[in-house]
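This report looks at one protein chain, moving from a few chosen residues to the chain as a whole. Please keep the sequence and the structure open while reading.

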Amino acid sequence: MKLLDKTFPALVVAGLALAGCPGDDTGGTGGSAGDSTGSTGATTNNPNTTNQADSTTNGDPTEGNTDSETDSSSTGEEPGPFVFDETPPEGYDRIDRSGFPALSTALAQVGTDIDVYNAADPVDDAGLMFETEILTLLQVLHMGLPGMEAPDNTGLADDILGLGLIPCTPPPMQGDTCDNQVGPVAVPDTLRLELDGANAFPIDGRAPADPVMNIILAAMLLELSVEEITTFNDLDLDGVPGPGLNPIENDVPLPGAWPYLAPPHAME
């Protein structure tokens with residue numbers, strides 16, 4: 001997307017004024033020391049007016065001291081308004097979108113044309129434009145790649161059972177429950193903000209400390225009528241977060257005030 005364009009002529013003018021124009025030290029070459037209309041006298045007069053005496057004496061208006069330029073720099077006035085690009089939205093091409101975390105990345109793994117997906121809008125998602133791809137994704141996650149099931153490629157349903165948890169029923173199996181769980185939170189592909197809702201992802205925004213992947217995978221893999229959507233954040237089910245399927249907290253503590261994000265790691 002295009003960057004916002006800015007114009008800087010006023011900044012250049014202010015910079016020249018700060019650096020000093022030719023003749024500023026003496027106020028110009030015109031007028032004698034005793035001439036009250038010369039540059040010295042004009043400099044001590046009203047500083048809010050242009051030095052007309054210099055312009056008249058020298059015959060060159062470019063050599064006079066334009067005090068209005070000096071004023072803008074010395075008084076801290078804004079150098080001028082920014083100029084923003086007013087290209088309408090249809091003048092741009094969307095190259096990426098990421099509302100519901102990891103959804104587009106996962107769909108790309110099952111053959112979704114990611115350029116088509118990124119160019120689509122939430123109204124297309126709600127119209128089930130990508131329903132086939134989402135159902136295929138759920139099937140692959142639970143059962144492995146169709147026609148390629150093997151002991152080391154059976155999907156994750158058997159692993160979930162091995163943890164003592166109940167997996168949801170994926171398509172195309174009868175009584176599909178995975179699709180019913182994922183649909184309300186991932187379709188359309190948006191990050192929701194409901195001021196009157198529960199203050200927690202995925203229903204109401206996304207806080208920096210939210211364990212989003214553990215929650216997303218729970219919606220895709222677990223039978224939520226039996227298991228909790230936070231199960232992968234508390235695998236031993238003792239009510240205390242951890243151990244988790246993925247890290248349950250940032251490796252650097254997050255501050256409780258602006259900017260709320262921890263500083264980046266230093267490059268080694």
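Where in the chain is the place of Asn233? In this model, which is a predicted one, Asn233 is found in the segment after helix H11, the helix that spans residues 212–221. Asn233 counts as buried because its relative accessibility is 13%, and the cut-off for buried is under 20%. The side chain of Asn233 is joined to the side chain of Asn214 by a polar contact of 3.2 Å. If neighbours within four places in sequence are left aside, Asn233 is in contact with Pro211, Asn214, Pro241, Gly242, Pro243, Gly244 and Ile248.

Phe232 can be read alongside this residue. Not counting residues up to four places away in sequence, Phe232 touches several residues, including Leu165, Asn214, Leu217, Pro243 and Gly244. Phe232 also belongs to the largest nonpolar core, which has 28 residues, and there Phe100, Met220 and Phe232 are the ones that touch the most other members. Helix H5 (103–108), helix H8 (131–143), helix H10 (178–186) and H11 each supply at least two residues of this core, and H11 gives the most, with seven residues.

How much of H11 is covered? Nine of the 10 residues of H11 are buried, so that this helix is mostly covered under the cut-off of under 20% relative accessible area. The buried residues of H11 are Val212, Asn214, Ile215, Ile216, Leu217, Ala218, Ala219, Met220 and Leu221, and what covers them includes H8, helix H9 (157–162) and H10. In H10, in turn, the buried residues are Cys178, Gln181, Val182, Gly183, Val185 and Ala186, with H5, H8 and H11 among the elements that cover them.

A second buried polar residue, Asp125, has its place in helix H7, which covers residues 122–126. Asp125 is called buried because its relative accessible area is 5%. The side chain of Asp125 makes a polar contact of 2.8 Å with the side chain of Arg97, and a polar atom of that Asp125 side chain lies 3.1 Å from the backbone nitrogen of Asp189. Both partners appear again among the residues that Asp125 touches, which are Arg97, Tyr117, Phe130, Val187, Pro188 and Asp189 when residues up to four places away in sequence are not counted.

The polar contacts described above are set out here.

| Residue | Partner | Distance |
|---|---|---|
| Asn233 side chain | Asn214 side chain | 3.2 Å |
| Asp125 side chain | Arg97 side chain | 2.8 Å |
| Asp125 side chain | Asp189 backbone nitrogen | 3.1 Å |

Is Val226 buried or exposed? Val226, like Asn233, has its place in the segment after H11, but Val226 counts as exposed because its relative accessibility is 53%. Together with Leu161 and Ile166, Val226 forms a nonpolar patch on the surface, and these residues have about 270 Å² of accessible area together.

Finally, the whole chain can be considered. The protein chain has 11 helices and zero strands, and buried residues make up 29% of its 268 residues. Among the contacts with a separation of 6 or more, 50% are between residues 24 or more positions apart. The protein chain exposes about 17100 Å², of which carbon and sulfur atoms supply 59%.

Methods:
Residues are numbered from 1 along each chain as its sequence is written. This is a predicted model: local features need pLDDT of at least 70, side-chain atom pairs count only at pLDDT 80 or more; totals for chains, interfaces and linings use all residues. Side-chain values use heavy atoms; hydrogens and water are left out. Helices (H or I, at least four residues) and strands (E, at least two) are DSSP runs, numbered from the N terminus. Buried means under 20% relative accessible area, exposed over 50%, partly exposed in between (1.4 Å probe, protein chains only). A polar contact is a pair of N or O atoms within 3.5 Å; within protein, one must be able to donate a hydrogen and the other to accept it, and residues adjacent in sequence count only if both atoms are side-chain atoms. Contact means heavy atoms within 4.5 Å. Patches are made of residues with over 30% relative accessible area and no salt bridge: like charges are joined within 9 Å, nonpolar side chains (Val, Leu, Ile, Met, Phe, Trp, Tyr) within 5 Å. Accessible areas come from the Shrake-Rupley method with a 1.4 Å probe; for residues, only the protein chains shown count as cover. A salt bridge is a side-chain nitrogen of Lys or Arg within 4 Å of a carboxyl oxygen of Asp or Glu. A nonpolar core is a set of buried Ala, Val, Leu, Ile, Met, Phe, Trp, Tyr and Cys residues joined through side-chain atoms within 4.5 Å.
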